[in-house]
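Hi everyone, thanks for coming along. I'd like to walk you through one chain today, so let's put it up on the screen.

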Amino acid sequence: MFSPLQRSRMVKRQDKYTWHIGSPPPPIDPHSLVKHQIVRKYLERYIQVLMSNYRIEKLTLSIVDGFAGGGEYLGERGEAAFHDGSPLLALGTVAEQEAWLNVGRTKQRRVDGRFYFVEKVQSNFDYLKHLLGARGVAGRLGNDVHLFNSPFDRVVQPIIDDIRRRAGGERAIFLLDQYAYDQVPGQLLRQIFSQVKGAEVLLTFNVDSLISFLTDSTPNRRKLADMGLDAYVDWGSIERLKVTSPTQWKSVIQRSLARGLVETSGATHYTIFYITPMGNTAWTYWLVHLSRSFKARDVMMELHWEHANHFSHYLEPDIFTLGYRANDDLQARMQEAFDLGQAHHFDAVASKRCLSGLSEKLIPAVYDGEARTFDGWLEAIGSKTPATADMVREALDPGIRAGDIVARSAKGAIRQKGQSVQATDVLSGAAQRRLILLPGHLKGAS
C-alpha cells in the first residue's frame, strides 16, 4: 500500500512516541495539547451535566483509554515542564470534579470512576505502570484502575463485560487515540455501541495519512474493506476528482469516509472535524466524537466552537449531508451556497454563515412543516450541522420575533424570542399565514 519511503516516514513518526524507563518522555506536539484540552473539558462537562441535579448522590462512570502510551510528555520543543498524558488526565479530571461537587456539602457526592488503560508496546506499558506508581496510584491497580499490556482489540470484550457487570448503569467513555486510521475498524466501534448502552467514543482518525495514498488498487481496497469503509467510497469519482477538481478532494473524502465511519459504528450522533497540526506539517486528522445522545453531541460541538482556531471542516456551513455521488458535482454547481471543497473554520465568519444559512433553511421548514417540539427539530437535524442547540435557537429568532413561527410552552406560554425556547416547546407556523422574507428565500401561503 505504501512505498518504502512512505513507510520509513511513518515508522519515524511512530518512533517519536515511545517511552523508556530512565529516559525522558517524548515531547508533546501543539495539536496534542489541543486534543488533551478537549478531552479534559469534555470529561469536566460530562460529569457536570450528569450531576447537575444536586439530589443525585453518585455517578458510575467507566473510562477506557485504548492507546494509553506512557502517560506523560515533555513540554513543547523539549521544554523541562511535563504534560500529563490521557491516563493521568482522566484520573485527575475525575478527582477534581468530585471535589468540586462536594464544595460546601456535608453529605458527600461521589463519582465512582473505573479506569482501563491499554497499551500494547512493552516499553510504553512499563513506563506507564512505573509512572502511576510514582503518582500514588499503585495501590489502586486491580481495584478501580486496570492495566492491559495488549492490543486494544484483544481486550475490548473483557473490558466491555466488566463495564456491564458494574452496578449503576453503563456510562462509559472510550478514548481511542490511535496513531493512524486502521486500528479501530467499524466493526470494533459497533461492538462497543451494541453492547454498552451509554457508550461514547472519542476517536482520532489520521484521515490525511489515508487519503494521501488513496487509489483504486487492490491493496488499498482490501485495507478499506477490512475497516468496513470500502463500500462508501465512490472510486471512479475519486480518481476523476484527483485530476479535474483537486480543491474538492477533502470535501469528497470527508463526506464518503465520515458516512462510512458513522454508519458502521452504530452511533446515532457524531462530530467529525479536522484538527490541523501546527508546525511544518500540513497533515491533518479527525477528532471524532460518537454517541447515541444528542446532548453529548451538543456539548462536544460547543467545545469545537470554543477552540475555533484549531478545527475546520469541508462541508456546508449550515446543514450538510454525508456521502458522495458523482452527480453531486452538477448539483453543487447549481447551488451558490454549496461550498464544496472550501475550508470552514469555527470562527466568527463561520458562525455568521452558519446562522444565516440555518435561518434560511429552518424558518421556512418550520413555517411549512408539521408542529413538533424544539427537541424534535434538533433530532431531525441530527448531527448534520456545525451548529449547537443555542445556535439553532438564535437562527430561529427572526422568525419567532416576526410572528411567522409560534413557539408554545407546555403550559401555553408564547415565547417572544428564539433564545427563550425550551426543549419541550412546540414550534409551528403561525395560524395567520404571511410572507417570509429571508435572504435567498421567498416562502409564503395565502
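Before I start on the sheets, one convention: two strands count as paired if DSSP finds at least two bridges between them. Helices (H or I, at least four residues) and strands (E, at least two) are DSSP runs, numbered from the N terminus.

Please keep in mind that this is a predicted model, where local features need pLDDT of at least 70 and side-chain atom pairs count only at pLDDT 80 or more, while totals for chains, interfaces and linings use all residues. Residues are numbered from 1 along each chain as its sequence is written, and side-chain values use heavy atoms, with hydrogens and water left out.

Let's begin in the middle of things. Strand 6 and strand 7 run parallel, joined by six bridges. Which residue of strand 7 is the bridge partner of leucine 176? That is leucine 203. Between these two strands the chain passes through helix 6, residues 186-195, in a right-handed β-α-β crossover; right-handed here means that, with the strands pointing away from the viewer, the path from the first strand over the helix to the second runs clockwise.

On to strand 1, which is parallel to strand 6 and joined to it by four bridges. Isoleucine 63 sits opposite isoleucine 173 of strand 6. Strand 6 is mostly covered, with five of its six residues buried, and buried means under 20% relative accessible area, against over 50% for exposed and in between for partly exposed, with a 1.4 Å probe and protein chains only.

Now zoom out. These strands belong to an open, mixed sheet of nine strands, in the order 5-4-1-6-7-9-8-10-11. Strand 5 (145-148) and strand 11 (344-345) each have a single partner strand, so one side of each lacks a neighbour in the sheet. Strand 5 pairs with strand 4, residues 110-118, in the parallel sense over four bridges, and valine 118 faces phenylalanine 148 there.

What lies across this sheet? Helix 2, residues 30-50, crosses several strands, including strand 1, strand 4 and strand 6, and runs at about 180° to strand 6. Angles run from 0 to 180 degrees between N-to-C directions, using axes fitted as lines to C-alpha atoms, for helices over the stretch in contact. Among the buried residues of helix 2 are Val34, Ile38, Tyr42 and Ile47.

Tyr42 and Ile47 come up again in the largest nonpolar core: of its 65 residues, they, Val392 and Leu396 touch the most other members. By nonpolar core I mean a set of buried Ala, Val, Leu, Ile, Met, Phe, Trp, Tyr and Cys residues joined through side-chain atoms within 4.5 Å. Leaving aside neighbours within four places in sequence, leucine 396 is in contact (heavy atoms within 4.5 Å) with Leu362, Ile363, Val366, Phe374, Ile405 and Leu427. There is also a second, separate core of 51 residues, including Val184 and Ile238.

Finally, the other sheet. How are its strands ordered? It is open and antiparallel, in the order 12-14-13. Strand 12 (372-373) and strand 13 (405-408) are the edges, each with a single partner strand, so one side of each has no neighbour in the sheet. Strand 13 and strand 14, residues 426-429, run antiparallel with four bridges; arginine 408 has valine 426 as its bridge partner. Helix 13, residues 348-368, packs on this sheet, touching both strand 13 and strand 14, at about 85° to strand 14.

That's my tour, and I'm happy to rotate the view for anyone!
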